[in-house]
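Thanks for coming. I have one structure today, and I will go through strand pairing, then a pocket, then a few backbone angles.

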Amino acid sequence: MGSETMGRVLTEATIENLKDLWDAERGMLPPEKVRRITVPDALVDTGATLLSLPTRLIRQLGLTPRRTRTVISSTGPAEATLYDPVRLTIQDRDCTADVMEVPDDVPVLIGQLPLENLDLVVDLRARRLTGNPAHGGEQVFELY
């Protein structure tokens, strides 16, 4: 194992088009037509803020662009497009997450905001996501 893979935590993630889910709930779209993808190897990136998806997956999900924002990455400042939120499911926990576009050569990145919403933390020793031990491993929302 090379040093570039040290500490990398990968997780399975299901990402669904939220508008499709709402349409299915209202009976305007058959449930099997909801656009969704399951990614077996999303990269947990606690240095990132949002859920980042490669362009090809954004197209596959049919997401609508919302706005452009300045982002800072390892290559310096750049512009990135933010898209409509999606439903993100990891380990039977789900949350709504804004989506930031990344190039197709970048993996799906699970940033800090969705991790906090899902109440998941990185167990570096086991190299996996686990329920927040401060909450007994259960998904808990702190109100204060």
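Let me start in the middle of the sheet, with Tyr83, which stands opposite Val99 in strand 6. Before I go on, please keep in mind that this is a predicted model.

Val99 has a partner in another strand as well: Leu51 stands opposite Val99. Take the two pairings in turn. Strand 5, residues 76-90, runs antiparallel to strand 6, and 7 bridges join them. Strand 3, residues 51-54, runs parallel to strand 6, which covers residues 93-102, and here 4 bridges make the connection. So much for the pairing.

Now the turn. How many residues lie between strand 5 and strand 6 in their hairpin? There are 2 residues between them, and Gln91 in that turn has a positive phi of about 50°. Asp92 lies in the loop between strand 5 and strand 6, and its phi is also positive, near 65°, in a residue other than glycine. As background, most residues other than glycine have a negative phi. Is Asp92 buried or exposed? The relative accessibility of Asp92 is 81%, and the cut-off for exposed is over 50%, so Asp92 counts as exposed.

There is another case further along the chain. Arg127 is not a glycine either, and has a positive phi of about 55°. Arg127 sits in the loop between strand 8, residues 120-123, and strand 9, residues 128-131. With 33% relative accessibility, Arg127 falls between the 20% and 50% limits and therefore counts as partly exposed.

Next, the pocket. A word on the approach: rolling a probe the size of a water molecule over the atoms shows where empty space is left. The largest pocket holds about 520 Å³ of space. It is lined by 21 residues, and the closest to its centre are Val71, Ile72, Ser73, Met100 and Val102. Which elements give two or more residues to that lining? They are strand 4, residues 65-73, together with strand 5 and strand 6. Strand 5 gives the most, with 4 residues. Sorted by class, the lining has 11 nonpolar, 7 polar and 3 charged residues.

To put the parts together: strand 5 and strand 6 are joined by 7 bridges, they form a hairpin, and both contribute to the lining of the largest pocket. That is what I have for today.

Methods
Residues are numbered from 1 along each chain as its sequence is written. This is a predicted model: local features need pLDDT of at least 70, side-chain atom pairs count only at pLDDT 80 or more; totals for chains, interfaces and linings use all residues. Side-chain values use heavy atoms; hydrogens and water are left out. Two strands pair if DSSP finds at least two bridges between them. On a 1 Å grid over the protein atoms alone, a cavity is a set of points where a 1.4 Å probe fits but cannot get out, and a pocket is an open set with protein on both sides within 12 Å along at least five of seven lines; lining residues have an atom within 4 Å of a point. Grid points are joined across faces, edges and corners, and a volume is the space filled by probe spheres set on the points. Ala, Val, Leu, Ile, Met, Phe, Trp, Tyr, Cys and Pro count as nonpolar, Asp, Glu, Lys and Arg as charged, and the others, Gly among them, as polar. Buried means under 20% relative accessible area, exposed over 50%, partly exposed in between (1.4 Å probe, protein chains only).
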